[in-house]
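Reader: Before the classifications are discussed, please show the sequence and the structure.

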Amino acid sequence: MMKPLPFPNVLFSEHLGFLLQRCIKCKALQPGKQAHAMLLASRIDMKILSMGSKLVGMYASCGDLQSAKLVLERTQNPNVFAFNWMVSALAFHGHHEEAIRYFSLMQELGIVANKFTFSIVLKACLGLTDFDKGREVHGVISRSGFGNVVSVANSLIDMYCKCGHVGYGRKVFDGMIERDVVSWTSMICGYCNIGLLEKALVLFERMKVEGLEPNDFTWNAMIAGYARDGDCNGAFVLFSRMVREGLIPDLITWNAMISGFTQSLRAIEAWRLFQDMLVAGIKPNQVTVTGLLPACGLIGSIHRGKELHGLIYRMGLDMNVFVATALIDMYSKCGSVKNAWDVFDRIPIKNVASWNAMIGCYGKHGLVDSSIQLFERIQAEGMRPNHITLISVLSACSHGGLVEKGLIIFRSMKEKYGVEISQEHYSCVLDLLCRSGKMVEAYELFKEMPIEVTDSIIGAFFNGCKVHGRKDLAKLMAEDILRMELKKPGGFVTLSNIYAADGEWDGVENIRKVMKGKGVHKKPGFSWVEKRDGFVVSETRNECKIAETGIGMPS
């Protein structure tokens, strides 16, 4: 057996060590393997200049985890550098449990961790969303004396907040002797992610008082938090402040703003934001377009939808299943079944969401047979329908008057499809019975429902009572319904109309009082009209408001 040379050429050893460091930095696997071969051929002792640990780092940084593990196993007295790379590479590639096992092995071997070790292993705990393991690591950090190291404390805050324990993150934050921008940003993100925007805003303003300027990430976290929470005005105020202070919103912020305005039904402002984003030189991604496409459906603008579809095609995103599903939904809401089918038919690998969108599209437009055929085809192709699939097909049965078919599907949901019956499924079946005039069956189903009654269920039932002249059934349910915590006005208004039709004005007045007491208001209707020059007119009552160009302050 060949023994390692006890006194190799020092310059040659240093050269190979430097080469391995360069391979680590550049993630160059092939030159790293050549350096490894030269080490073996020259019989250099691997303990010199920590060559074994450098090799572990080289293989791990290049993503060759199997080779990294083999070298680590054969390395005598590996140092903290080798273990840090091993844990980091495993966590980066999603092998979080194995990363934590190597951290445990490191402790068993008596290798002293450093601040980089703890930051890395906390990311692995976060990858598993394992709060208990994170607390264990926190204990090791405290015993090792690294609790006051800013980077380690920042990692703890990030781990606790993203594992859903913001209170623990705040304790770490409050206990820090020194904080940097990352500390403040991590804590602000924690509050924003759970909707505690007031607390986030207090920290945001306080950090400036303490002499630290929020960076792009801090601003973006705040803006995205407000946008996700539906407070578009608050998001816009922060967005404007950010721009005035010379900072540049990133793609995540633009996406959050666009999606937030769309979800708040402020479609025109979402479009203006998108146009401003393009002018600012920010290239949209699939998140941008999937957030904006519903805005076209909100205003029924197939013209704008096709414009966006053209951009999606030029960007090469049209084959993305999530983007394609959003396109199907947009075309469905704009009334173009053919375009929806064309998009669906071009998806190379369909997921259940794309099937659901197309089934729903056929159902909404009265093509019930096509909807049922797709529902049967999805099963024939081995894909399991989910609860949304069944909502879509039950809704289709309701629109097409297929009572028996709908009831068969409804009654076999748990047994055949493994789907628990939800409020939405009950709402569809109640609507199915009411549309077909089977009001007694609808009333019996209403009384037997084991779930909390929703606004949509009540609305469907009262509307059926009104259409089919069963005011008696509506009045039977009135007392129970008026005691419920309903938030939408539809059911109340229909019941009020039923009382008014019979001249029962005391009943009408009672409903108005209940609505007022619960803070339920009927909003005036509005419509969107697209004009040739691209302007959109919003009409509310007798008022006419023309959307202006440029983003301006949202109302």
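**Questions on classification**

Author: Of the contacts in the chain with a separation of 6 or more, 60% are between residues 24 or more positions apart; contact here means heavy atoms within 4.5 Å. This is a predicted model, in which local features need pLDDT of at least 70 and side-chain atom pairs count only at pLDDT 80 or more, while totals for chains, interfaces and linings use all residues. Residues are numbered from 1 along each chain as its sequence is written, and side-chain values use heavy atoms, with hydrogens and water left out.

Reader: How many helices and strands are there in the chain?

Author: The chain has 31 helices and 3 strands. Helices (H or I, at least four residues) and strands (E, at least two) are DSSP runs, numbered from the N terminus.

Reader: What makes the pair E98 and K69 a salt bridge?

Author: A salt bridge requires a side-chain nitrogen of Lys or Arg within 4 Å of a carboxyl oxygen of Asp or Glu. The N to O distance between the side chains of E98 and K69 is 2.7 Å, so the pair satisfies the definition. It links distant parts of the chain, with E98 in helix α6 (residues 96-108) and K69 in helix α4 (residues 65-74), 29 residues apart. Both E98 and K69 are buried. The whole structure holds 15 salt bridges.

Reader: Why is D158 called partly exposed?

Author: Buried means under 20% relative accessible area and exposed over 50%, with partly exposed in between (1.4 Å probe, protein chains only). D158 has a relative accessible area of 24%, so it falls in the middle class. D158 forms a salt bridge with K162, the closest N and O atoms being 3.1 Å apart. The two residues are separated by about one helical turn, because they lie 4 residues apart in helix α9 (residues 150-162).

Reader: Which classes do D342 and K338 belong to?

Author: D342, at 30% relative accessibility, is partly exposed, whereas K338, at 61%, is exposed. Their side chains meet in a salt bridge (3.1 Å, N to O). D342 and K338 are 4 residues apart in helix α20 (residues 337-346), which means a separation of about one helical turn. Elsewhere, R179, R206 and E210 are joined into one network by salt bridges that share partners.

Reader: How do you know that α23 is roughly parallel to α26?

Author: The axes of helix α23 (residues 387-400) and helix α26 (residues 423-435) cross at roughly 10° and come within 8 Å. Axes are lines fitted to C-alpha atoms, for helices over the stretch in contact, and angles run from 0 to 180 degrees between N-to-C directions. Angles under 35 degrees count as roughly parallel, over 145 as roughly antiparallel, 65 to 115 as roughly perpendicular and the rest as oblique. The helices α23 and α26 are therefore roughly parallel. The residues of their contact divide into 7 nonpolar, 5 polar and 3 charged. In that count, Ala, Val, Leu, Ile, Met, Phe, Trp, Tyr, Cys and Pro are nonpolar, Asp, Glu, Lys and Arg charged, and the others, Gly among them, polar.

Reader: What makes helix α3 mostly covered?

Author: In helix α3 (residues 51-61), 11 of its 11 residues are buried, including K54 and Y59. Just after α3, G63 takes a positive phi of about 85°. Of the 555 residues of the chain, 48% count as buried.

Reader: Which residues have the most contacts inside the largest nonpolar core?

Author: They are F118, L308, M358 and F461, in a core of 160 residues. A nonpolar core is a set of buried Ala, Val, Leu, Ile, Met, Phe, Trp, Tyr and Cys residues joined through side-chain atoms within 4.5 Å. Not counting residues up to four places away in sequence, L308 touches W271, F274, V289, L292 and L293.
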